[in-house]
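Here are a few short exercises to work through with the structure in view. Try each task yourself before reading the solution below it.

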Amino acid sequence: SLAMDSNSDIYVGGSIYRSPNEQNLKFYDPTDSSVTPYLFTPGATWTLPMIAKISSTGQVQWVKTTTAYNANALTPGPRYGEGISVTGSEVVLGTQGANEYWDNFQIQRPVSHQPDPLLVRFNKQTGNLIGVQEINGSATENQKLTVVAVDNDGNYIAGGIYKGSLF
């Protein structure tokens, strides 16, 4: 997903893969070796939802992913980030969660509960987590968001795939 704010800063969201043996992941411009790569190491591994802010001049400002998994979590399946929207001083990413952390916010489901949709809100200048809105679905099915929008009143509107019951 891709969004741009009024300053022409770009927000890119999706998924990124980190194997347990990798220490640094990087964003870089393969066509311009003079641009210093942006290195970061997510606290979690495997397929992670991610969001990055790139300034209007092409410099990566920040990257956020799932921070860690809960101690009782089974090996997680892939988590996808789909849908970005920008409003005022924040940017929101549509993603999934079952047993992980986003900074200090913990998503805790029973063991083997499939991922539920999340709206993860960040300060668009700093990337600091503002909050996480959980949209609970059925335990046995994998639900996810695919689009996030903001209406004229600043309300978030989300849509996606709900294979089981919602709420």
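**Exercise 1.** Decide whether Ser8 is buried, partly exposed or exposed.

*Solution.* Begin with the relative accessible area, which is 35% for Ser8 in this predicted model. Buried means under 20% and exposed means over 50%, so Ser8, at 35%, counts as partly exposed. Next, find its place: Ser8 sits in the loop that links β1 (2–4) and β2 (10–18). Finally, look at the backbone, where Ser8 has a positive phi of about 65 degrees although it is not a glycine.

**Exercise 2.** Describe Asp103 by its location, its backbone and its exposure.

*Solution.* Start with the location: the loop between β10 (99–102) and β11 (105–108) holds Asp103. Then turn to the backbone: the phi of Asp103 is positive, near 50 degrees, and the residue is not a glycine. Last comes exposure: Asp103 has a relative accessible area of 29% and is partly exposed.

**Exercise 3.** Work out how β1 fits into its sheet.

*Solution.* First, write down the strand order: the open sheet has four strands, β1-β2-β5-β6, with antiparallel pairing. Because β1 and β6 (60–65) stand at the edges, each has a single partner strand, and one side of each is left without a neighbour in the sheet. From one strand to the next, the twist averages 25 degrees. Now look at the pairing itself: β1 and β2 run antiparallel and are joined by three bridges. Leu2 stands opposite Val12 in β2.

**Exercise 4.** Is Glu90 buried or exposed, and which side chain does it join through a polar contact?

*Solution.* Place the residue first: Glu90 belongs to strand β9 (residues 90–97). With a relative accessible area of 12%, Glu90 is buried. Its side chain and that of Arg121 are joined by a polar contact of 2.7 Å. Beyond four places in sequence, Glu90 also touches other residues, including Ser85, Phe122 and Tyr156.

**Exercise 5.** Which residues touch the most other members of the largest nonpolar core?

*Solution.* This core has 13 residues, and the ones touching the most other members are Ile51, Ile84, Val91, Trp102 and Phe122. Then ask about strands: β9 and β12 (116–123) each supply at least two core residues. The largest share, three residues, comes from β12. For a closer look, take Phe122: its contacts beyond four places in sequence include Ile51, Trp62, Glu90, Val91 and Trp102. Apart from this core lies another, of ten residues, among them Leu25, Phe40, Leu48 and Ala52.

Key: Residues are numbered from 1 along each chain as its sequence is written. This is a predicted model: local features need pLDDT of at least 70, side-chain atom pairs count only at pLDDT 80 or more; totals for chains, interfaces and linings use all residues. Side-chain values use heavy atoms; hydrogens and water are left out. Buried means under 20% relative accessible area, exposed over 50%, partly exposed in between (1.4 Å probe, protein chains only). A polar contact is a pair of N or O atoms within 3.5 Å; within protein, one must be able to donate a hydrogen and the other to accept it, and residues adjacent in sequence count only if both atoms are side-chain atoms. Contact means heavy atoms within 4.5 Å. A nonpolar core is a set of buried Ala, Val, Leu, Ile, Met, Phe, Trp, Tyr and Cys residues joined through side-chain atoms within 4.5 Å. Two strands pair if DSSP finds at least two bridges between them. Axes are lines fitted to C-alpha atoms, for helices over the stretch in contact, and angles run from 0 to 180 degrees between N-to-C directions.
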